[in-house]
Protein chains: 2
Amino acid sequence: MDKEKRQKLEENGWAVGSVDEFLELTPEESAYIELKLTLATNLRQRRREQHLTQVELANLMHSSQSRVAKIEAGDPSVSLDLLVRSLLTLGVTQSDLAHMISPAV
Amino acid sequence: MDKEKRQKLEENGWAVGSVDEFLELTPEESAYIELKLTLATNLRQRRREQHLTQVELANLMHSSQSRVAKIEAGDPSVSLDLLVRSLLTLGVTQSDLAHMISPAV
DNA sequence: TGAAAGTATGTCGCATTTGACATACAATAG
DNA sequence: CTATTGTATGTCAAATGCGACATACTTTCA
């Protein structure tokens, strides 16, 4: 619910997996944020592997560079929808997605 | 892009996994819709397993019965965001999610 | 050093998604 | 049959997410 909290959490240097109830976040909120951060990190990684700039990815998905930057930053203004769609644009499969979400897979 | 197409696709009896490019859907669009349908189906299943009504789930996630009905129906007006959040409300873990997305896991 | 390419951040108007409400339909029991 | 409980469908105002733009910061390489 509280956007400011999320902003704070996502700022500067939270290792993926460490976002937890240290502010008054419900487990679902934590899980949701963690999920977004995981996917965001993977997006950046994949984009770079494919030697694409944010501008190029933005064009591929008919969006803008600034949006891509926000997606990768895990900005609270970005939905899971857009995050997942951008991954799909990079050719990520459902199986790939599953592995991102639960590496133990 | 085309909402009507998606409506059609989601109507009556598409086995999960069978939504494909048989209308002019791009691979990403197909994948996105398939993903939503998979999660929607799982949501209904889990809700029932926990002996919850749509009204009860709606209260848990601070939404309304009609929204829950739409989520489970894979209504195009429902975002992945809301879908995933509703699953998290039911206590679904990242690992659970991964298994839903890619059963082979 | 400095120009160029890439990325980050803030804002805005428009579009989509939301919860809520009304109401219709479905299934079950009494 | 007919209440009751559960689900589906349509609509709407308000909230949220969106692409786009402007602009600042960062990195790279001559």
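# A tour of the protein–protein contact, the DNA strands and the salt bridges

Start by selecting chains A and B: their contact takes 19 residues from chain B and 19 residues from chain A. Keep in mind during the tour that this is a predicted model.

**Stop 1: the interface of chains A and B**

With both chains shown as surfaces, the area buried between chain B and chain A is about 1,800 Å². Carbon and sulfur atoms give 66% of this area. Now pick out D81(B), Q94(B) and I101(B), which supply 31% of the area that chain B buries against chain A, more than any other three residues.

Next, colour chain B by helix. The elements that give two or more residues to the side touching chain A are α2 (27-49), α5 (80-89) and α6 (94-101) of chain B. Of the elements on that side, α5(B) gives the most, with six residues. Colouring by residue class instead shows ten nonpolar, five polar and four charged residues on the side of chain B that touches chain A.

How many salt bridges cross the interface of chain B and chain A? The rule finds zero. Polar contacts are present, however: seven residue pairs, with both residues at pLDDT 80 or more, are in polar contact across the interface.

**Stop 2: DNA strand D**

Select DNA strand D and the residues around it. There are 19 of them, and the closest are S66(A), R67(A), S79(A), Q54(B) and Q65(B). Of the strand D atoms that come within 4 Å of the protein, sugar and phosphate account for 44%.

Three individual contacts can be checked with the distance tool:

- S63(A) has a polar side-chain atom 3.1 Å from a phosphate oxygen of DNA strand D.
- R67(A) places a polar side-chain atom 3.0 Å from a base nitrogen of DNA strand D.
- Q65(B) has a side-chain N or O atom 2.9 Å from a base nitrogen of DNA strand D.

Then switch to the helices. At least two residues of the surface near DNA strand D are supplied by each of α4 (65-72) of chain A, α2 of chain B and α4 (65-73) of chain B. The largest share, four residues, comes from α4(B). By class, the surface near DNA strand D divides into four nonpolar, nine polar and six charged residues.

**Stop 3: DNA strand C**

Move the selection to DNA strand C, which is surrounded by 19 residues. The closest are Q54(A), K70(A), S66(B), R67(B) and S79(B). Sugar and phosphate make up 47% of the atoms of DNA strand C that come within 4 Å of the protein.

Contacts to look at here include the following:

- From R47(A), a polar side-chain atom lies 3.1 Å from a phosphate oxygen of DNA strand C.
- From S63(B), a polar side-chain atom lies 3.0 Å from a phosphate oxygen of DNA strand C.
- From S66(B), an N or O atom of the side chain is 2.6 Å from a base nitrogen of DNA strand C.

For the surface near DNA strand C, α2 (27-49) and α4 of chain A and α4 of chain B each supply at least two residues. Here the largest share, four residues, comes from α4(A). The residues of this surface divide into three nonpolar, ten polar and six charged.

**Stop 4: salt bridges in chain A**

Finally, turn to the salt bridges. A search of the whole structure finds eight over all chains. Select R44(A) and E72(A), which form one with the closest N and O atoms 2.8 Å apart. This pair links distant parts of the chain, R44(A) being in helix α2 and E72(A) in helix α4 of chain A, 28 residues apart.

Stay on E72(A) and add R47(A), a residue already seen at DNA strand C. R47(A) forms a salt bridge with E72(A), the closest N and O atoms being 2.6 Å apart. R47(A) is in helix α2 and E72(A) in helix α4 of chain A, so the pair ties together parts 25 residues apart in sequence. Shared partners join R44(A), R47(A) and E72(A) into one network of salt bridges.

Which members of this network are buried and which are partly exposed? R47(A) counts as buried because its relative accessibility is 7%, and E72(A) counts as buried, also at 7%. R44(A), at 30%, counts as partly exposed.

As a last selection, take R46(A) and D96(A), whose side chains meet in a salt bridge at 3.8 Å, N to O. R46(A) is in helix α2 and D96(A) in helix α6 (residues 94-101) of chain A, 50 residues apart. R46(A) counts as partly exposed at 26% relative accessibility, and D96(A) counts as partly exposed at 23%.

How values were computed
Residues are numbered from 1 along each chain as its sequence is written. Chains are lettered from A and ligands numbered from 1 in the order in which they are written. This is a predicted model: local features need pLDDT of at least 70, side-chain atom pairs count only at pLDDT 80 or more; totals for chains, interfaces and linings use all residues. Side-chain values use heavy atoms; hydrogens and water are left out. Contact means heavy atoms within 4.5 Å. Buried area is the accessible area (1.4 Å probe) that two parts lose on being put together, summed over both. A salt bridge is a side-chain nitrogen of Lys or Arg within 4 Å of a carboxyl oxygen of Asp or Glu. A polar contact is a pair of N or O atoms within 3.5 Å; within protein, one must be able to donate a hydrogen and the other to accept it, and residues adjacent in sequence count only if both atoms are side-chain atoms. Ala, Val, Leu, Ile, Met, Phe, Trp, Tyr, Cys and Pro count as nonpolar, Asp, Glu, Lys and Arg as charged, and the others, Gly among them, as polar. A residue is near a molecule or strand if one of its heavy atoms lies within 4 Å of it. Buried means under 20% relative accessible area, exposed over 50%, partly exposed in between (1.4 Å probe, protein chains only).
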